[in-house]
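Okay, thanks for coming, everyone. I'll put the structure up and then walk you through a few places in it.

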There are 2 protein chains.
Amino acid sequence: MAIKKFSIMRSNSGFMLEAEGRVVFKHDRAAPALSMGMGEARIAMHHGNFDIEDEVRELCPLSNFEIGEENASVRFSSEGGRWSVMMKISIEDGRLALYFSEVLGAGVERKGEDQQAGARRVRICLPAESREHVYGCGEQFSHFDLRGRKFPLWTSEQGVGRNKATRVTHDADLNDHAGGDYWWTFFPQPTFASSEGYWVHADTSAYSIFDFRHARAHELYFWELPSAVIIGRAESMPALLEDLSAYFGRQPEMPDWVYRGVILGIQGGTEVCETKLRRARAAGVPVAGIWAQDWEGINITSFGQRLRWNWVWNEERYPGLDRAIAQWKSEGTRFLVYANCYVGRGWSLCKEAAELGYLVKNSLGEDYYVDFGEFYAGIVDLTNPQAFDWFAGKLAKNILELGASGWMADFGEYLPTDAVLHDGTPALLAHNLWPVLWARCNAEAVKKARAEHEALFFMRAGFTGSQRWCPMMWAGDQNVDWSNDDGLPSAIRSALGLAMCGHGLHHSDIGGYTTLYGMHRTKELFMRWAEQAAFSPLMRTHEGNRPKDNWQFDSDAETLAHLGRMARVHVALADYLRFAVAENAARGMPVMRPLFLSYPNDERAWTCDDEYLLGPDLLVAPVVTEGANSRVVHFPYGTWIDFWSGTQAWDAKLPGDREFTAPLGALPVFIRADSPWIATFNGARAAADR
Amino acid sequence: MAIKKFSIMRSNSGFMLEAEGRVVFKHDRAAPALSMGMGEARIAMHHGNFDIEDEVRELCPLSNFEIGEENASVRFSSEGGRWSVMMKISIEDGRLALYFSEVLGAGVERKGEDQQAGARRVRICLPAESREHVYGCGEQFSHFDLRGRKFPLWTSEQGVGRNKATRVTHDADLNDHAGGDYWWTFFPQPTFASSEGYWVHADTSAYSIFDFRHARAHELYFWELPSAVIIGRAESMPALLEDLSAYFGRQPEMPDWVYRGVILGIQGGTEVCETKLRRARAAGVPVAGIWAQDWEGINITSFGQRLRWNWVWNEERYPGLDRAIAQWKSEGTRFLVYANCYVGRGWSLCKEAAELGYLVKNSLGEDYYVDFGEFYAGIVDLTNPQAFDWFAGKLAKNILELGASGWMADFGEYLPTDAVLHDGTPALLAHNLWPVLWARCNAEAVKKARAEHEALFFMRAGFTGSQRWCPMMWAGDQNVDWSNDDGLPSAIRSALGLAMCGHGLHHSDIGGYTTLYGMHRTKELFMRWAEQAAFSPLMRTHEGNRPKDNWQFDSDAETLAHLGRMARVHVALADYLRFAVAENAARGMPVMRPLFLSYPNDERAWTCDDEYLLGPDLLVAPVVTEGANSRVVHFPYGTWIDFWSGTQAWDAKLPGDREFTAPLGALPVFIRADSPWIATFNGARAAADR
């Protein structure tokens, strides 16, 4: 329901702002909607891991209010007028827009450190219901329903372990400040969607904390006054997503080749790619692409094999790559590479950028080289239109003109807060924006090469606006394990949560990536992860940061056969997946969907984060537990057919649970009995055992 | 210099309060001295380890001020008058007393959660110099000069490892939330002493943070408005300590038997004590006491051997103890036991307390049993005068009437913040007070038994007022290692820092206590620690929580001989130590003294935390590094004689460093050349090799 009008109801001590039957904003002298003041931040970055201390210096309630003419504005102020904020209220495209600006009261001066970017502290309280479920805040890995917790919003490494109760997290903390916590993410966003049929977005890139712990208020806390808070209303969750995704922009449909099999993560040179491709094909694996991140040469560190970060074809490591790409393409297999928004110090691209003055500077005006762990890299200053264009051109030329059809567009989270940028944006405020600039730069590269219908890049970092510029996300660097916060379960959960921020195309490294502190990817993990990936929009393997410690797709014949089976199912689902992807492009309905989008009357659907709907008609219940040969599946109401046997598995007017055996290669998947895609699903089942 | 008068200098926008030539309080509208508001605390306790989250809800500068008649008061208020504080200024006993009380402005109401204990947030800024050194905040283990850091003040376990950069800390965090951090302490105190010749104490037991990071202000932050801030002035640091210790109360002199040798920590029963005592004596170890913590029976847990916490002689484990105590005493060796302020659930004392209604209650009105790790204990409600008297009586009867001459009065840090107390004090405010109540209860037991000249108890927990009630502190539970934050160096540092809060009698477990995560006390560590203890007011060994993993005083003949040598030195120093202890009792001059107390013109003396003066004339430089056979000694100006050789070691008008060989048994110790105690020192040297 588009918001057509709003009304303000006054009382002696406050007012309520109502839109389409819901009080969306509420102020009372005794419970002020706004507080304002100042704070000091202490931020230390270590390899993209941030230690952030926020010291509130002052935080005053803006208790006083004065409603302006025609109810179009409210002026809030603290007693005595030291802090004052004007809120203008308007309706734009069916949404309520609350525009905020700071107003200086009579006799109030602001100067010096008061006026520094990121020095302001603002709390905005919005009315909440105790029964509410809340989703979003970008890509959250540890929690799906965000109610009852607070979420700092700051793009960073996601952490290794991400749970202080685990040994891995402590090992990572001790070694590299890298353990992280439940809220660490590559892709934060000051946006949430509520089960009560509204969504909220705060227009700011400042460090923020969204706190959903209070029964009667959602508390949004910012290091600057957001320029606006946008509130949308909807009569259903799909309608909410449609509105929200229209606001942020939707992802286009994927190039057709993506549906044609798995993308194999391979490293080691042209010959290795060729050999592994032949071997995979011979084992019956449909291969949509080879993804070779070392196309530009390698660099060995204690973390494992790293790349040069020089986004130029490395002919020593990949001789004849241009011809090979053409050959593979003619056989139906694309080639994909890797790039990120940094340029490795000492290599040609970095030198060129430095000479052109295109690198981000430090406070002394020198090029800022960031420590990435045993090597340093410059940051292309994407706020400089020339640098942006230069870098997009390099990506277009070096990647797309070479013949590659896609790339992992990695990183984006490491902008140091003491950097100095071309356009003058304070780094503290540019930090969260960087992933979006980087997404836009990649999109620009595609546009430059006129490769919109062929190229696909995928990113892990994001922020408000990534929806529009980045056509595909991946879940980043999961551990090669089963852990709730950083293993296979977290990769599934993150897809469902990110979908509620309007990004509906998501996949993960099959088998995970991070291989540290004694971790080893097991065969079972690889196989379970591959199963899940088959029922996602994109299948892609990754060797991990220490390939030798990990079970790989070709480590034995059984694994290859398993991958082939799952990839054939995936390919056989192509028409259905294409349909789901088109729904995402048209209406923001994600490909991997939380159950409540279709089954809002099932209370369990609002918290279920280990099952999802793939498109409208498949219920997918991946096995995410080591050693499990069965799992309990939660069914929403209705009739469901077992994907693998074709027999009826559930038929009830109420939701409920049932346990299913789930041998490797047959994760529990169920078909809505009234699906028009039954023939496609039957074909996919047949393809499995072809 | 006693403060005799103060003056207020006004400007257009503020005022300065001067006392004896120093601006001790300063307010300006643009840099207000006071801020006030409210906050929410989230506190979780796990085995005395606290996870504390402070959410500032509101914090408003009290910019406005109005100076009252005769400059005797200032009323501060926030703009609009929402927050208002009256500060009354007076001089009491030569100190400046600033009394604070909250004042309600016209039309301002406070109710409900606003008025909850611990809900208020207050920041008081005091003028600072950038050159200043700051000491105190109770017993701090990781830092001596507190400048440049902030110190939350909350009594708790001290942490295991206490440094997030160490493996041990991470192991302890992972296993028990127990790793801690640099500020964790059993004995916090909202008091600091400045190198600029003033000291400050805030009269509150609320959670506080003293922040010495700012160049121009010390920022004191509280969870309630302190009733007063006391400021003392002095022309020298010894004079400062004299004033400060007069304010808090000083420790009496020690019973004479304490000087007669080492107190051996022994467990296992009467027979074991007898055997070990004979063995020690035969090896030439003077034994002042046997300290047997298991006199009341044991309890085995995964942490190691624990005690029953039933403060009654256990005749099964200690048959004939009453007769043995008398026998040992006649031979010159006292017997000491162990008690704490909890009573082990299931045992007689706990049952009696429960029946009498003397236990602290939970919010449901039930007895509150605290989890101490695999067992539970009730808390005797020391705010109930009857319970207090009952418990003091039990200690007097069960310990002192049994014939024991002292005890370790352990713990005091675990009062849960949701407990309900007899006298109605909110537990959040009573938490920090508990160690003082517990100290007073022990002192009352001594008084009841009229054992003031015989009994000595020693504690680890403390808070404002412990100085008066507790005659001896020990450093708590160091790891059995050399680590800076939790090993031997921290035990020395903590003595020097605590001295600056007016507690000048301090010792530590020889060899440390905590033996977890693969730790083992080595022979070398035991011997180095014993060396240092010989040059402290009291020598006492401890087997540690896992005795079998630790090197013990009688693990071999060489260790016994070493302990004998060091204990004989200690005994031979008795007259000198008695003199130093008397100086502490008379003037608050601690027995172990920071170098700057005597050598204020030596800049290095203000930060030196691994050397100390023992009394006025001995410079002690303990070896605190594993494997070291030498150490660099810092000398203040003057002439110094090597304690062991009697030769001149340093003679200069300037301070400086020199390296000395330091074999086991001969830690670097130096004598002031002009000491009147030379004969005593010569006697001690001779006693070593007797």
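So, let's start where the two chains meet: 28 residues of chain B are in contact with 28 residues of chain A. Keep in mind as we go that this is a predicted model. How much area is buried between chain B and chain A? About 2400 Å², and carbon and sulfur atoms give 42% of that. If you want to know which residues on the chain B side lose the most area to chain A, look at B:R57, B:E79 and B:L174, which together make up 24% of what that side buries.

Now the polar side of the story. Between chain B and chain A we count ten salt bridges. One to click on is A:R167 with B:D171, whose side chains meet in a salt bridge at 2.9 Å, N to O. The count of residue pairs in polar contact across these two chains, both partners at pLDDT 80 or more, is 16.

Which elements of chain B give two or more residues to the side that touches chain A? Those are β4 (34-46), β5 (49-61) and α1 (167-176). The largest share comes from β5(B), with eight residues. Sorted by class, that side of chain B has 17 charged residues, six nonpolar and five polar.

Let me stay on α1(B) for a second. Its buried residues are B:V168, B:T169, B:H170, B:D171, B:A172 and B:D173. And what do they pack against? The answer is α1 of chain A, also spanning 167-176. So B:D171, our salt-bridge partner of A:R167, is among those buried residues. Just past the end of α1(B), have a look at B:H177, which takes a positive phi of about 50°.

Next stop, an arginine. B:R95 sits in strand β9 of chain B, residues 95-102. Is B:R95 buried or exposed? Buried: the relative accessible area is 9%, and the cut-off for buried is under 20%. The side chain of B:R95 makes a polar contact with the side chain of B:D243, at 3.1 Å. Leaving aside neighbours within four places in sequence, B:R95 is in contact with a set of residues including B:I3, B:S90, B:W199, B:I230 and B:Y247.

Last topic, the aromatics. Searching the whole structure over all chains turns up 110 aromatic pairs. I'll show you two. B:F372 and B:Y414 are stacked, 4.6 Å centre to centre with 20° between the planes. That pair links distant parts of the chain, 42 residues apart: B:F372 is in the loop between β24 (369-371) and β25 (376-379), and B:Y414 is in the loop between β26 (406-410) and α7 (427-430). Both B:F372 and B:Y414 are buried.

The other one is B:W407 with B:F457, again stacked, at 5.4 Å centre to centre and 25° between the planes. Here strand β26 supplies B:W407 and strand β27 (residues 456-459) supplies B:F457, with the two positions 50 residues apart. B:W407 counts as buried because its relative accessibility is 0%, and B:F457 counts as buried at 2%.

Over in chain A, there's an aromatic cluster to look at as well: A:W309, A:Y342, A:F372, A:F375, A:F411 and A:Y414 form one. That's my tour, so let's rotate it and talk.

How values were computed: Residues are numbered from 1 along each chain as its sequence is written. Chains are lettered from A and ligands numbered from 1 in the order in which they are written. This is a predicted model: local features need pLDDT of at least 70, side-chain atom pairs count only at pLDDT 80 or more; totals for chains, interfaces and linings use all residues. Side-chain values use heavy atoms; hydrogens and water are left out. Contact means heavy atoms within 4.5 Å. Buried area is the accessible area (1.4 Å probe) that two parts lose on being put together, summed over both. A salt bridge is a side-chain nitrogen of Lys or Arg within 4 Å of a carboxyl oxygen of Asp or Glu. A polar contact is a pair of N or O atoms within 3.5 Å; within protein, one must be able to donate a hydrogen and the other to accept it, and residues adjacent in sequence count only if both atoms are side-chain atoms. Helices (H or I, at least four residues) and strands (E, at least two) are DSSP runs, numbered from the N terminus. Ala, Val, Leu, Ile, Met, Phe, Trp, Tyr, Cys and Pro count as nonpolar, Asp, Glu, Lys and Arg as charged, and the others, Gly among them, as polar. Buried means under 20% relative accessible area, exposed over 50%, partly exposed in between (1.4 Å probe, protein chains only). Rings of Phe, Tyr and Trp (its six-membered ring) pair if their centres lie within 6.5 Å; planes under 30 degrees apart count as stacked, over 60 as edge-to-face and the rest as tilted.
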